[in-house]
Amino acid sequence: VEAGKTCLLRALRAEEEVDGDSSYQPTIAPDLSIWTPKGQEDVLDFRIVDTSGNAVYAVTHEFFTSPSALFVLVWRLQQTSNHDLDEVFKTLDDMVYRWMSKLHLSTPGASVLGVATHVDTVEAKDVEEQGLWVQSSMKRHVWALAQSHPAGKVLKVLNDGKSMNVGSPKGFGIAGLKDMLVHHAKGLWVWGHPLSEPFRALANDLHMEKSRSHAVELTFKEFKGYAVSAGYEFGEPLRLALRLMHDLYYIRYWGDVEEAWFASDTLGLKWTNIGNTRPDQGRELEHSLLADALLRQADLVLTQDEWDGFGIKDLRLDTFVKSAGVYYTPCAYKEVAARDGLLNNVYIDIEWCAGAFRG
């Protein structure tokens, strides 16, 4: 049974309280769009990713997740006269677990708001019972995930886990949902976050390139060229800019990370502790000077001059070094590749760079 995410999105965009076209067309792949709420012009834009709810497309979702996003978990109320109540509760619980676990593992610490649709098609008792069940289920699974996978931040369940109830065809609850989304969007870390001049310049250059060449793909080398011309230096500033561009959906996919970071001047400047167990995969680098340096540096950060002095020319993302019984690996692999799940080419959604993030 479809929840009605796309129809809900049409309703949010509508000027009046209507739910838009109620005809059903399944979302095959994530659909990207921008929504500016009425009264928020020049204040707030929502960059929306409408994902496909079908499990067969789930592999595409994490390419679009971001810790700076507000996630809306849309679910459909069921008429219990046509279904066994225990079956309805089990279906809802399975749905909540599937999505909460996906978010906890791919985007720890994200904010989640529940929205129940088709409120006009069920009895009042169904709305109350199922709403309380989903509220309890969200809280229960968030707690359980935090216990079983404690490494990441705990998901933020908004509105105390209570779902916003909406319905068609008159757009019941849409106005309240709009207000709720605006309120919580302004509570995200990106709200009011100043974008630096180099970031704005880089976004503008990419938009101009899109307009000039109609290109949708750039190599990492080409991207580095734009970054340098915008005023970025290699190392930490460029790495943070790349993450911010991804989190704000200026960049949709990262590409072949191994080639990208190997070609840059950043790999090797920062390392991360991966424990005292030797990795099953990768290549061990035996280098006493590097091992001693990592032992001395509490933050595992090296200067460019220190790194150049080691004379290492063949460092790769799967390289690891042993120092005093502990193994270390370049942190670009841990902080970028492992988190973002990357594809084969640097793919930049230049079209989305047309307007700076407002707020």
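In which hand does H2 pass H3 in their crossing? I looked this up before anything else. The crossing of H2 with H3 is right-handed. I note that the model is predicted.

**Entry: whole chain**

I took the totals next. The chain has 359 residues, and 47% of them count as buried. Its secondary structure comes to 11 helices and 10 strands. I then checked the contacts with a separation of 6 or more: 78% of them are between residues 24 or more positions apart.

**Entry: H2 and H3**

I went back to the helix pair. H2 covers residues 85–106 and H3 covers residues 124–148. Their axes come within 9 Å and cross at roughly 40°. That angle makes H2 oblique to H3, as roughly parallel would need an angle under 35 degrees.

I listed the residues that meet. From H2 I have Leu85, Val88, Phe89, Leu92, Asp93, Val96, Tyr97, Met100, Ser101 and His104. From H3 I have Glu129, Gln130, Trp133, Val134, Ser137, Met138, Arg140, His141, Val142, Leu145 and Ala146. By class, the residues of this contact divide into 13 nonpolar, 5 polar and 3 charged. I add a reminder on helix geometry: an α-helix has 3.6 residues a turn, so residues three or four places apart point the same way.

**Entry: H1 and its surroundings**

Which residues of H1 are buried? In this helix, residues 5–13, I find Cys7, Leu8, Leu9, Ala11 and Leu12 buried. I then asked what these residues pack against. Their partners are four strands, S1 (31–35), S2 (46–50), S3 (70–76) and S4 (111–117), together with helix H4 (174–185).

I looked at H4 separately. The axes of H1 and H4 are 10 Å apart, and the two helices pack at an angle of about 85°. H1 and H4 are therefore roughly perpendicular to each other. On the H1 side, the contact is made by Leu8, Ala11 and Leu12. On the H4 side, I have Ile174, Leu177, Lys178 and Leu181. The class count for this contact is 6 nonpolar, no polar and 1 charged.

I picked out Ala11, which has its place in H1. Is Ala11 buried or exposed? Ala11 counts as buried because its relative accessibility is 1%, and the cut-off for buried is under 20%. I also checked Ala11 against Ile174. The two are 163 residues apart along the chain, and their C-alpha atoms are separated by 7.0 Å.

**Entry: Leu32**

I turned to strand S1, where Leu32 lies. Leu32 has a relative accessible area of 22% and is partly exposed. The buried class stops under 20%, so I did not enter Leu32 as buried. How far apart in space are Leu32 and Arg47? I have 7.3 Å from C-alpha to C-alpha, with their positions 15 residues apart in sequence.

**Entry: Ser163**

I finished with a loop residue. Ser163 lies between strand S5 (156–157) and strand S6 (164–165), in the loop. Although in a loop, Ser163 is buried, with a relative accessible area of 13%.

Which residues does Ser163 touch, not counting residues up to four places away in sequence? I find Trp75, Gly114, Val115, Ala116 and Val134. Val134 is also among the H3 residues that meet H2. With Trp75, the side chain of Ser163 makes a polar contact of 2.9 Å.

Notes: Residues are numbered from 1 along each chain as its sequence is written. This is a predicted model: local features need pLDDT of at least 70, side-chain atom pairs count only at pLDDT 80 or more; totals for chains, interfaces and linings use all residues. Side-chain values use heavy atoms; hydrogens and water are left out. Axes are lines fitted to C-alpha atoms, for helices over the stretch in contact, and angles run from 0 to 180 degrees between N-to-C directions. Angles under 35 degrees count as roughly parallel, over 145 as roughly antiparallel, 65 to 115 as roughly perpendicular and the rest as oblique. A crossing is left-handed if the near helix is turned anticlockwise from the far one by less than a right angle, and right-handed if clockwise. Contact means heavy atoms within 4.5 Å. Ala, Val, Leu, Ile, Met, Phe, Trp, Tyr, Cys and Pro count as nonpolar, Asp, Glu, Lys and Arg as charged, and the others, Gly among them, as polar. Buried means under 20% relative accessible area, exposed over 50%, partly exposed in between (1.4 Å probe, protein chains only). A polar contact is a pair of N or O atoms within 3.5 Å; within protein, one must be able to donate a hydrogen and the other to accept it, and residues adjacent in sequence count only if both atoms are side-chain atoms.
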